[in-house]
Amino acid sequence: MAEQHNTSTGHAPAGEHKGAFPPFQSETYASQLVWLVLAFVLLFVLMSKWALPRVGNILDARQKRIDGDIAEAGALKAQSDEAVAAYEKALADARANAQAIANETRDKQAAAAEARRKTLEDDLNAKLAEAEKTIAATKTAAMSNVRGIAEDATRAIVERLIGTAPSDKAVADAVADALKR
Amino acid sequence: MAADPIHQFRIVDLFPVAHIGHTEIIFTNSAAFMFAAVIVITAFLVIGTAKKSLVPGRLQSAAELSYEFVATTVRSTAGSEGMRFFPFVFTLFMFILTVNFIGLVPFTFTVTSHIIVTAALAITVFLTVLLYGLYRHGLHFFNLFVPKGVPILILPLIVFIEVLSFVSRPISHSVRLFANMLAGHITLQVFAGFIILMGSAMGAVGWAGGILPFGMIVILMALETLVAFLQAYVFAILTCIYLNDAIHPGH
């Protein structure tokens, strides 16, 4: 069948194979097929048993390494997150503690100040009361003195007016009468 | 006659190996380049992974890249169940890619420029899909040809078309790769032939004018490098799509 085929460019070929177009020379087919099968099977076995597992293992190992590294990074990140949380908790605790201490101190100081103020006030009140008592006493004393002075003055005035000194009792009664009004 | 664009596809007998019936099995240049590809691929992967470093070097990066590239293709097209075919798809992809790339080197031979090679690979894929589909799903595998929700009236037509497209897969699968490699190499050789032709016909002026087809070769070379990769990738991804049918036949 091959003899009919000529070259595509149309001019006579000069090869050893008597002018047939080489891809259609059927007498070469058996040889080509035998060697193709041998070469292809050999290559297939070499690839599937040797070369491809080698490449596949490298890729697997790399993938595993990458996955491992990512997992490790994740674990480390979780760890650091934990540390941050612990730190923040410690900070919050310390802040609360400080607040508590400050509050306590302030309350204590306020209480002490209040107590001091109270004693001072009591002291002052006592002093005030005492002073008022003194004033009252002085006033009473003064009032009794006023009576004496008034009696003396009355006596002197009456003596001057009528020439004779009235009796002490009359003067005292009159003064007392006048003071009552 | 180096200008003959077909010359590069010649099968050169190196030494005979055996006789099967009256067919002679000969070790040819094609076989030599196949085994060269096997050696190159194996060396690339094994030497690349020799150090097993966590942070890969250049060669290890390339080896890992090829592995992950094919693995991603298989997983995204045929699902995680398709990963059982990963060594098969990887072997196919690397084999085709490597023989394509080796074929780009001047004076070498392109294994995939022979239809028998690409057809054998495509039929291997086809049979793998068929046998695995039957093994995995039994006769339910043929549900692949019966799409759901199709009116019963046109169902026979649809089934016929589905079966036809399934059966013609190995043809399109193999011819696509074969034709791409063949056409690319012929084009390169034709432009290279222009340089010789102009040089021998017009002397110094011709050699100077040869700069134009030479520039064309440079551009085509870049294109062919892309095609070499792309065709290997297309072959691999189509394999994945077909395998996906075997794994999940219910559309």
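Let me begin with a term: a residue is called buried when its relative accessible area is under 20%. With that in hand, hello everyone, and welcome to a quick tour of this two-chain structure, which is a predicted model.

Let's start with chain A. By that cut-off, buried residues make up 17% of its 181 residues. Its secondary structure comes to 2 helices and 0 strands. If you look at the contacts in chain A with a separation of 6 or more, residues 24 or more positions apart account for 19% of them. The exposed area of chain A is about 13300 Å², and carbon and sulfur atoms supply 61% of that area.

Now please turn to chain B. Here we have 251 residues, and 47% of them are buried. What does the secondary structure of chain B come to? There are 7 helices and 2 strands, and along the sequence they follow the pattern β-β-α-α-α-α-α-α-α. So that you can picture its extent on the screen, the C-alpha trace of chain B spans about 75 × 55 × 45 Å along its principal axes, and the contacts tell us something too: of those with a separation of 6 or more, 67% are between residues 24 or more positions apart.

What about the surface of chain B? About 12300 Å² is exposed, with 75% of it supplied by carbon and sulfur atoms. On the charge side, chain B has 10 positive and 9 negative charges, and their mean positions lie 10 Å apart.

Next, the place where the two chains meet. How many residues of each chain are in contact with the other? The count is 41 residues of chain A and 52 residues of chain B. In chain A, the residues that lose the most area to chain B are Gln32(A), Trp35(A) and Phe40(A), together 16% of what that side buries. The size of an interface is often given as the accessible area lost when the parts come together. For chain A and chain B, the area buried between them is about 4300 Å², and 79% of it is on carbon and sulfur atoms.

There is also 1 salt bridge between the two chains. Its partners are Arg62(A) and Glu64(B), whose closest N and O atoms are 2.8 Å apart.

Let me finish with three residues of chain B that you can find for yourselves. Take Gly184(B), in helix α6, which covers residues 169-209. Is Gly184(B) buried or exposed? Gly184(B) has a relative accessible area of 6%, so it counts as buried. From Gly184(B) to Leu220(B) there are 36 residues in sequence, yet the two are 8.1 Å apart in space, C-alpha to C-alpha.

The other two have something to do with backbone angles. Most residues other than glycine have a negative phi. Lys52(B) has a positive value, near 50 degrees. You will find Lys52(B) in the loop between α1 (29-48) and α2 (58-78). Its relative accessibility is 48%, so Lys52(B) counts as partly exposed.

And then Phe107(B), which is not a glycine either, has a positive phi of about 70 degrees. The loop to look at is the one between α3 (86-104) and α4 (115-137). Where Lys52(B) is partly exposed, Phe107(B) counts as exposed, because its relative accessibility is 87%.

Thanks for listening, and do have a look around the model yourselves!

Terms used: Residues are numbered from 1 along each chain as its sequence is written. Chains are lettered from A and ligands numbered from 1 in the order in which they are written. This is a predicted model: local features need pLDDT of at least 70, side-chain atom pairs count only at pLDDT 80 or more; totals for chains, interfaces and linings use all residues. Side-chain values use heavy atoms; hydrogens and water are left out. Helices (H or I, at least four residues) and strands (E, at least two) are DSSP runs, numbered from the N terminus. Buried means under 20% relative accessible area, exposed over 50%, partly exposed in between (1.4 Å probe, protein chains only). Contact means heavy atoms within 4.5 Å. Accessible areas come from the Shrake-Rupley method with a 1.4 Å probe; for residues, only the protein chains shown count as cover. Lys and Arg count as positive and Asp and Glu as negative; His and the chain ends are not counted. The place of a charge is taken as NZ of Lys, CZ of Arg, CG of Asp or CD of Glu. Buried area is the accessible area (1.4 Å probe) that two parts lose on being put together, summed over both. A salt bridge is a side-chain nitrogen of Lys or Arg within 4 Å of a carboxyl oxygen of Asp or Glu.
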